[in-house]
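Subject: A structure for you to explore

Hi there,

Here is the structure I promised to pass on. Please open it next to this email and follow along as you read.

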Amino acid sequence: MLAVIDYGAGNLYSVCNTLDYLNIPHTVTADAEALEQASGLILPGVGAFADAMAKLGQAKLVEPIRQQASQKPLLGICLGMQLLFETGYEFGTTPGLGLIPGTVERIQAPGLKIPHMGWNDVTLRRPCPLTKGIPTGSYFYFVHSFCANTPPEFVSFDTEYGQQIPALVTDGRLVFGAQFHPEKSAAVGLQLLRNFWEFTRERSGGTC
């Protein structure tokens with residue numbers, strides 16, 4: 001079973017609706033013990049980096065997430081993906097979860113509207129378990145004003161919006177982050193979530 005982490009800054013409704021549609025078993029929780037019992041974690045998020053990290057801290061979830069991410073698959077979505085990095089620069093400087101090297105900075109796209117909102121195609125840079133069956137040129141739905149700045153070895157998909165923007169990142173082991181919203185990205189988004197679930201099942205020996 002997946003645990004969808006509820007810390008007061010996530011779009012839980014659309015994520016859970018999509019998991020229901022895919023018949024992926026899940027629970028919504030803010031309980032550290034439930035994270036420990038789950039076979040995989042999803043960290044959604046909307047809003048600002050500093051506020052989200054403060055809410056994770058208030059819920060006493062920062063260390064449990066870090067601990068569980070070393071043992072089982074974790075997928076961060078949108079702001080949840082940004083929180084995976086070391087530092088965010090939205091409304092000041094805020095430490096993140098530090099699960100993937102890099103920072104989160106405002107998009108530099110002169111002449112283009114910020115936030116970056118809408119469908120953009122992605123380029124496959126490095127295959128990972130979540131890219132299975134999703135070719136270069138696939139379109140995903142984005143809504144964000146900040147983006148990750150991380151070394152290329154952590155980028156599976158990127159997209160172009162005034163600059164190269166990491167769209168799907170991974171630590172190369174268990175941690176993944178999607179800057180786009182897979183739950184709003186039609187067939188390819190569903191495929192990515194299926195891939196995450198299958199990877200989680202494989203890691204747990206197919207018992208989840």
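Below is what was found, starting with the sheet and ending with some single residues.

A word on the ground rules first. This is a predicted model, in which local features need pLDDT of at least 70 and side-chain atom pairs count only at pLDDT 80 or more, while totals for chains, interfaces and linings use all residues. Residues are numbered from 1 along each chain as its sequence is written, and side-chain values use heavy atoms, with hydrogens and water left out.

**The sheet**

Helices (H or I, at least four residues) and strands (E, at least two) are DSSP runs, numbered from the N terminus. Two strands pair if DSSP finds at least two bridges between them. With that in mind, look for the open sheet of 8 strands, which has mixed pairing and the order β2-β1-β3-β4-β14-β13-β12-β9. At its edges stand β2 and β9 (123–124); each has a single partner strand, so one side of each is left without a neighbour in the sheet. As general background, strands of a sheet pair through backbone hydrogen bonds, either parallel or antiparallel. For β9 and β12 (residues 155–160), the pairing is antiparallel, over 2 bridges. One residue to find there is threonine 123, whose bridge partner in β12 is aspartate 158.

Now find helix α6, which covers residues 186–203. This helix lies across β1 (2–5), β3, β4, β13 (164–170) and β14 (175–178), and runs at about 160 degrees to β4. Such angles run from 0 to 180 degrees between N-to-C directions, with axes as lines fitted to C-alpha atoms, for helices over the stretch in contact.

**Two residues in strands**

Buried means under 20% relative accessible area, exposed means over 50%, and partly exposed is in between (1.4 Å probe, protein chains only). Contact means heavy atoms within 4.5 Å.

Threonine 29 belongs to β2 (residues 26–29) and is buried, because its relative accessible area is 8%. Its C-alpha atom is 6.5 Å from that of alanine 3, although the two are 26 residues apart along the chain. Beyond its neighbours within four places in sequence, threonine 29 has contacts that include Ala3, Ile5 and Leu35.

Leucine 41 sits in β3 (residues 40–43), and with a relative accessible area of 0% this leucine is buried too. Leaving out residues up to four places away in sequence, leucine 41 touches Ala3, Ile5 and Leu35, among others, and also Phe196.

**Backbone details**

Which residues other than glycine have a positive phi? Cysteine 78 is one, with phi near 55 degrees, and alanine 186 is another, also near 55 degrees. Cysteine 78 is in the loop between β4 (74–77) and α5 (79–82) and is buried at 6%, whereas alanine 186 is exposed at 52%.

You can also look for a cis peptide bond, from isoleucine 114 to proline 115, with omega near 10 degrees. Proline 115 is in the loop between β7 (100–106) and β8 (116–121).

**Cysteines**

How many disulfides does the structure hold? There are 0, where a disulfide is a pair of cysteine sulfur atoms within 2.5 Å. For cysteine 78, the nearest cysteine sulfur is that of cysteine 147, 12 Å away. Cysteine 147 is in no disulfide either, and is buried at 3% relative accessibility.

Enjoy exploring!

Best wishes
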